[in-house]
Amino acid sequence: LSARGIAVDAGLPGTKEEFPTFRAFWLERPAPRADRLVVHALLDGPSIVGAYTLAIRPGETTTMTVHAALYPRQPIELLGLAPLTSMYLFGANDRMGVDDFRPAVHDSEGLEIWSGRGEWIWRPLANPSALRISAFGDDNPKGFGLIQRSRTFEHYQDLEARYELRPSLWVEPLGRWGRGHVRLVELPTRAEVHDNIAAFWVPEQGAEPGLEWQIAYRLHWCRQPPFRPDVA
C-alpha cells in the first residue's frame, strides 16, 4: 500500500497515465525532542507542478499532514487528489481459477468511505477480468481509505509476505473539498507484485492552467482507521 502526490488520468480508457515525480526535498531541522518531521517537496510533471509540505508523526498510527499548492500547466481530463495505490489478487470469496495454497492474497481488501452526509460505505475489492471503474459521488467527504480488515495469520497463511500485518491507509480531508467523487480503479493482474488498485478524490471542477489548487488532508497509516461507524 502506498500514497502518491497526485494522479493524472489514472485508469482513463484510451489515455496514457502521467506520473509526476517528486524531484526535490527540503527537510526542516527538528527541534530537540520534536515529535514530528517536516518535509517540503517539489512535484513536477508535464501537465502539473506542485509545492507540498508534509508533517510526519511516527507511532503505532503514523500520520502525515499534507498541504499542497498545485498549478496545472495544461488542461487535465482526470485529476486525482490524495491518491492511494494497493494490490488485490484474490480473497476467500473469489478463488475461481486460483491454484494457490493461500486463502487470500491482498494488501488491502476494501474501499471504505465516510460521506459528507454521514453515510458509511464498504466496497470489497476485486481482481476483475477487465478494467473496472467505480465512482461514489459526494459533497465535502469526511474520509475514505483502502483498508485491510482481516488481521489473523490464518486468513492468509503466508510466512513471507505477512499480509495480516499490512497497514490500512485512511484519508482525512482538512477543510471543505466541495463536490466530486471518490474514484476506485481496479485493474486485472495475475501476480501479487503488481499494484492493480487505485483510489482517489476527483473534484467536480476541472483542472485548468492558470488556476491554483490548494488542498489539505491527513493520512493515517494504521491497523484500524481512526474513525469507525457506530453500527455493527
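How much area does the protein expose, and what share of it do carbon and sulfur atoms supply? About 12,100 Å² is exposed, with carbon and sulfur supplying 52% of that; accessible areas come from the Shrake-Rupley method with a 1.4 Å probe, and for residues only the protein chains shown count as cover.

This is a predicted model, where local features need pLDDT of at least 70, side-chain atom pairs count only at pLDDT 80 or more, and totals for chains, interfaces and linings use all residues. Residues are numbered from 1 along each chain as its sequence is written, and side-chain values use heavy atoms, with hydrogens and water left out.

**Figure 1. The whole protein: 17 strands and 0 helices.**
Strands (E, at least two residues) and helices (H or I, at least four) are DSSP runs, numbered from the N terminus. The radius of gyration is 18 Å, close to the 17 Å that the globule rule gives for 232 residues, so the protein is as compact as a globular protein of that length. That radius is taken over C-alpha atoms, and the globule rule is 2.2 Å times the number of residues to the power 0.38. Along the principal axes, the C-alpha atoms fill a box of roughly 50 × 50 × 35 Å. Buried residues make up 49% of the 232; buried means under 20% relative accessible area, exposed over 50%, and partly exposed in between (1.4 Å probe, protein chains only).

**Figure 2. Phe22 and Tyr52, an edge-to-face aromatic pair.**
The structure holds 8 aromatic pairs. Rings of Phe, Tyr and Trp (its six-membered ring) pair if their centres lie within 6.5 Å; planes under 30 degrees apart count as stacked, over 60 as edge-to-face and the rest as tilted. For Phe22 and Tyr52, the centres are 5.2 Å apart and the planes meet at 85°. Phe22 sits in strand 3 (residues 21-27) and Tyr52 in strand 5 (residues 48-57), so the pair ties together parts that are 30 residues apart in sequence. Phe22 is partly exposed at 28% relative accessibility, while Tyr52 is buried at 4%.

**Figure 3. An aromatic cluster of Trp114, Trp120, Trp170 and Phe227.**
Look for three Trp rings and one Phe ring here: they form one cluster.

**Figure 4. Asp9 and Asn140, two non-glycines with positive phi.**
Asp9 has a phi of about 60° and is found in the loop between strand 2 (7-8) and strand 3. Its relative accessible area is 12%, so Asp9 counts as buried. Asn140 has a phi of about 55°, and its loop runs between strand 12 (132-139) and strand 13 (143-147). Asn140 is buried too, at 15% relative accessibility.

**Figure 5. Leu131 and the residues it touches.**
Leu131 is in the loop between strand 11 (120-124) and strand 12, and is partly exposed at 38% relative accessible area. Leaving aside residues up to four places away in sequence, Leu131 touches Gly11, Pro13, Val185, Glu186, Leu187 and Pro188; contact means heavy atoms within 4.5 Å. Asp195 is 64 residues from Leu131 in sequence, and their C-alpha atoms are 13 Å apart.

**Figure 6. Gly59 and Cys222, 163 residues apart along the chain.**
Their C-alpha atoms are separated by 9.2 Å. Gly59 belongs to the loop between strand 5 and strand 6 (62-72), and is partly exposed at 46% relative accessibility.
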